[in-house]
Amino acid sequence: MAPILRIEHLVKVYPTGTRALDDVSLDVERGEFVVLIGLSGSGKSTLLRCINRLVEPTSGRILLDGTDMARARGSELRRMRRRIGMIFQQFNLVRRSSVFANVLAGRLGSRPLWRTVAMRPTTEDVALAFENLGRVGIVGKAYSRADALSGGQQQRVGIARALMQRPDLMLADEPVASLDPATSHSVMKYLEEINRKDGITVLCSLHFLSLARRYGTRVIALKDGRVAFDGKPVDIDEVRFKEIYGEDAVEVEIGVGPTADERAAAESADATAAAMRAHLETLDTH
Ligand SMILES: Nc1ncnc2c1ncn2[C@@H]1O[C@H](COP(=O)(O)OP(=O)(O)OP(=O)(O)O)[C@@H](O)[C@H]1O
Ligand SMILES: [Mg+2]
């Protein structure tokens with residue numbers, strides 16, 4: 001089968017003259033969990049942002065199922081973007097809005113304008129929002145303000161919001177860089193689950209190689225805007241490691257353990273159906 005994503009000779013030169021991507025070519029197969037690593041400034045964010053055109057590539061092709069994302073315009077670009085979910089390091093939630101409203105907002109891109117303006121979600125959207133909140137174990141927080149949640153919970157809202165598009169490809173730019181080690185694992189496990197259970201292809205940048213080894217089916221390392229390694233996590237030995245990170249670099253471990261978040265997730269799964277019923281009842285009475 002054709003790769004879901006094919007990147008050919010991608011170059012990004014910022015107006016400052018920085019060559020952030022320097023002839024990057026790679027294929028991502030459907031169902032892969034690709035982890036992007038590399039030193040700060042190596043071009044990870046630029047690559048992820050070029051893929052959904054938050055950053056305009058200078059040259060090269062970005063084929064999403066064979067169609068060039070780099071050349072798409074207008075409605076075609078919007079349609080293609082909808083197939084790509086994105087998760088950010090700083091979560092990018094509307095802090096003063098409810099968790100529920102934040103998640104629903106992930107669906108707005110696929111609604112006609114009048115529905116967006118009227119802010120009347122369809123019953124299907126509401127059901128999907130609760131389903132996705134349930135997926136990440138925070139349905140009990142649906143009516144909390146986003147900024148009242150812990151960092152790990154906020155990132156799970158970010159995942160639920162991205163899932164509202166029913167994406168084929170999920171991009172995540174350092175999704176756990178603002179979290180402590182235990183919470184990092186709990187968030188990564190949700191990404192792993194949507195990859196394995198839903199078959200969503202994941203392309204995720206990470207700072208820690210230990211996380212890359214644990215979650216990636218494949219690791220791509222960037223160095224000065226070029227691909228410095230592309231292969232299996234186990235093939236990154238000490239020599240490779242120093243090629244990617246430099247002679248003085250030392251690998252550090254991030255511990256794994258059960259977290260409070262995970263325990264809460266198990267409990268709140270049961271609450272999903274109840275909360276959804278309650279919400280649908282309130283809609284009926286208006
Ligand atoms: N908007 C911009 N304008 C000019 N130069 C930029 C811009 N964004 C990034 N760069 C430069 O492009 C290069 C790649 O940056 P990028 O943010 O993609 O790296 P990164 O691998 O994501 O780094 P980090 O690990 O710190 O997030 C760096 O030299 C950076 O300074
Ligand atoms: Mg970055």
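Helices (H or I, at least four residues) and strands (E, at least two) are DSSP runs, numbered from the N terminus. This is a predicted model, in which local features need pLDDT of at least 70 and side-chain atom pairs count only at pLDDT 80 or more, while totals for chains, interfaces and linings use all residues. Residues are numbered from 1 along each chain as its sequence is written, and chains are lettered from A and ligands numbered from 1 in the order in which they are written.

**Exercise 1. Describe helix 1, its burial and the residue that follows it.**

Solution.
- Step 1: apply the burial criterion. A residue is buried if 20 or more other C-beta atoms lie within 10 Å of its own, exposed if 12 or fewer, and partly exposed in between, with C-beta atoms placed from the backbone.
- Step 2: list the residues. Lys44, Thr46, Leu47, Leu48, Cys50 and Ile51 of helix 1 are buried.
- Step 3: conclude. Because six of its eight residues are buried, helix 1 is largely enclosed by the rest of the structure.
- Step 4: inspect the end. Arg53 follows helix 1 and has a positive phi, near 65°.

**Exercise 2. Characterise the shell around ligand 1.**

Solution.
- Step 1: collect the residues whose C-beta atom, placed from the backbone, lies within 6 Å of the ligand. Ligand 1 is surrounded by Tyr14, Thr16, Thr18, Ala20, Gly38, Ser40, Gly41, Ser42, Gly43, Lys44, Ser45 and Thr46.
- Step 2: sort them by class. Ala, Val, Leu, Ile, Met, Phe, Trp, Tyr, Cys and Pro count as nonpolar, Asp, Glu, Lys and Arg as charged, and the others, Gly among them, as polar. The shell then holds two nonpolar, nine polar and one charged residues.
- Step 3: find the main contributor. Helix 1 (residues 44-51) supplies the largest share of the shell, three residues.

**Exercise 3. Determine how helix 6 and helix 7 pack.**

Solution.
- Step 1: obtain the geometry. Axes are lines fitted to C-alpha atoms, for helices over the stretch in contact, and angles run from 0 to 180 degrees between N-to-C directions. Helix 6 (residues 151-163) and helix 7 (residues 181-198) pack at about 15°, and their axes are 9 Å apart.
- Step 2: classify the angle. Helix 6 is therefore roughly parallel to helix 7, given that angles under 35 degrees count as roughly parallel, over 145 as roughly antiparallel, 65 to 115 as roughly perpendicular and the rest as oblique.
- Step 3: identify the contact, which requires C-beta atoms, placed from the backbone, within 7 Å. Helix 6 contributes Gly151, Gly152, Gln155, Arg156, Ile159 and Leu163, and helix 7 contributes Thr183, Ser186, Val187, Tyr190, Leu191 and Ile194.
- Step 4: classify these residues. Six are nonpolar, five polar and one charged.

**Exercise 4. Compare the settings of Phe91 and Glu174, two residues with positive phi.**

Solution.
- Step 1: note the background. Most residues other than glycine have a negative phi.
- Step 2: treat Phe91. Its phi is near 70°, and Phe91 lies in the loop between strand 6 (84-87) and helix 3 (99-105). Phe91 counts as buried because it has 22 C-beta neighbours inside 10 Å.
- Step 3: treat Glu174. Its phi is near 50°, and Glu174 lies in the loop between strand 7 (169-173) and helix 7. With 18 C-beta neighbours inside 10 Å, Glu174 counts as partly exposed.

**Exercise 5. Place Phe241 in its surroundings.**

Solution.
- Step 1: locate the residue. Phe241 belongs to helix 9 (residues 238-245).
- Step 2: assess burial. Phe241 is partly exposed, as 17 other C-beta atoms lie within 10 Å.
- Step 3: list contacts. Not counting residues up to four places away in sequence, Phe241 touches Ile236, Ala249 and Glu251.

Notes
Two residues are in contact if their C-beta atoms, placed from the backbone, lie within 7 Å.
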